[in-house]
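Please examine the structure shown here with attention to how its helices are arranged.

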Amino acid sequence: MDMLTAKTIILAASALGAGLAMIAGLGPGIGEGYAAGKAVESVARQPEARGDIISTMVMGQAISESTGIYSLVIALILLYANPFLSKLG
């Protein structure tokens with residue numbers, strides 16, 4: 001296999017991997033929207049517990065958002081700082 005073909009295969013696989021990594025961003029987005037909706041319902045039912053509900057919701061959303069950020073970082077590395085290209089020699 002010549003060098004140009006190997007580089008093309010690596011770039012194509014990296015683009016595919018970056019796209020798949022960004023699909024992982026859908027889960028946190030859907031989950032955060034669902035959690036925010038449930039928090040609004042809870043505050044409407046119990047307005048006196050507003051502070052506790054919102055702080056718990058924000059903490060949960062921050063934790064779930066980290067998975068989306070990780071997938072974004074992986075996608076950016078695959079697209080712009082691909083470590084596999086340097087292995088070609």
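The paragraphs below begin with the annotated regions and then turn to one helix and its packing partners.

The model is predicted. Two annotations come from an unreviewed UniProt entry. One of them, "domain: V-ATPase proteolipid subunit C-like", covers residues 16-78. Over that stretch the chain is 90% helix and 0% strand, yet its end C-alpha atoms are 9 Å apart. The other annotation, "transmembrane region", is listed for residues 67-85. Here the chain is 74% helix and 0% strand, with 26 Å between the end C-alpha atoms.

Helix H3 spans residues 50-80 and contains Thr-67. With 31 residues, H3 reaches 44 Å from its first C-alpha to its last, which is close to the 45 Å expected at 1.5 Å a residue. Which residues of H3 are buried? They are Ile-53, Gln-61, Gly-68, Ser-71, Ala-75 and Leu-78. The buried residues of H3 pack against two helices, H1 (3-23) and H2 (26-45).

Consider H1 and H3 together. Their axes come within 8 Å and cross at roughly 165°. Because angles over 145 degrees count as roughly antiparallel, H1 is roughly antiparallel to H3. The crossing of these two helices, H1 and H3, is left-handed. On the H1 side, the residues involved are Ser-14, Ala-15, Gly-17, Ala-18, Ala-21 and Met-22. They meet Ser-71, Leu-72, Ile-74, Ala-75, Leu-78 and Leu-79 of H3. Among these H3 residues, Ser-71, Ala-75 and Leu-78 are buried.

The packing of H2 with H3 comes next. The axes of H2 and H3 are 9 Å apart, at an angle of about 175°. H2 and H3 are therefore roughly antiparallel to each other. H2 contributes Pro-28, Glu-32, Ala-35, Ala-36, Ala-39, Ser-42 and Val-43 to the contact. From H3, the contact is made by Arg-50, Ile-53, Met-57, Gln-61, Ser-64, Glu-65, Thr-67 and Gly-68. Of the H3 residues in this contact, those that are buried include Ile-53, Gln-61 and Gly-68.

Thr-67 links several of these points. This residue lies in H3, takes part in the contact with H2, and falls within the listed range 67-85 of the "transmembrane region" annotation. Is Thr-67 buried, exposed or partly exposed? Thr-67 counts as partly exposed because its relative accessibility is 44%, and partly exposed covers values between 20% and 50%. Thr-67 and Lys-7 are 60 residues apart in sequence, and their C-alpha atoms are 29 Å apart in space.

Conventions
Residues numbered from 1 in each chain as written. Predicted model: local features only at pLDDT ≥ 70, side-chain atom pairs only at ≥ 80, totals over all residues. Heavy atoms only, no water. UniProt positions renumbered as here; feature names shortened; annotations may be inferred. Helix = DSSP H or I, 4+ residues; strand = E, 2+ residues; numbered from the N terminus. Buried < 20%, exposed > 50% of the residue type's maximum accessible area, 1.4 Å probe, protein only. Expected span 1.5 Å × (residues − 1). Contact = heavy atoms within 4.5 Å. Axes fitted to C-alpha atoms, helices over the stretch in contact; angles between N-to-C directions. Parallel < 35°, antiparallel > 145°, perpendicular 65-115°, else oblique. Left-handed = near helix turned anticlockwise from the far one by under 90°.
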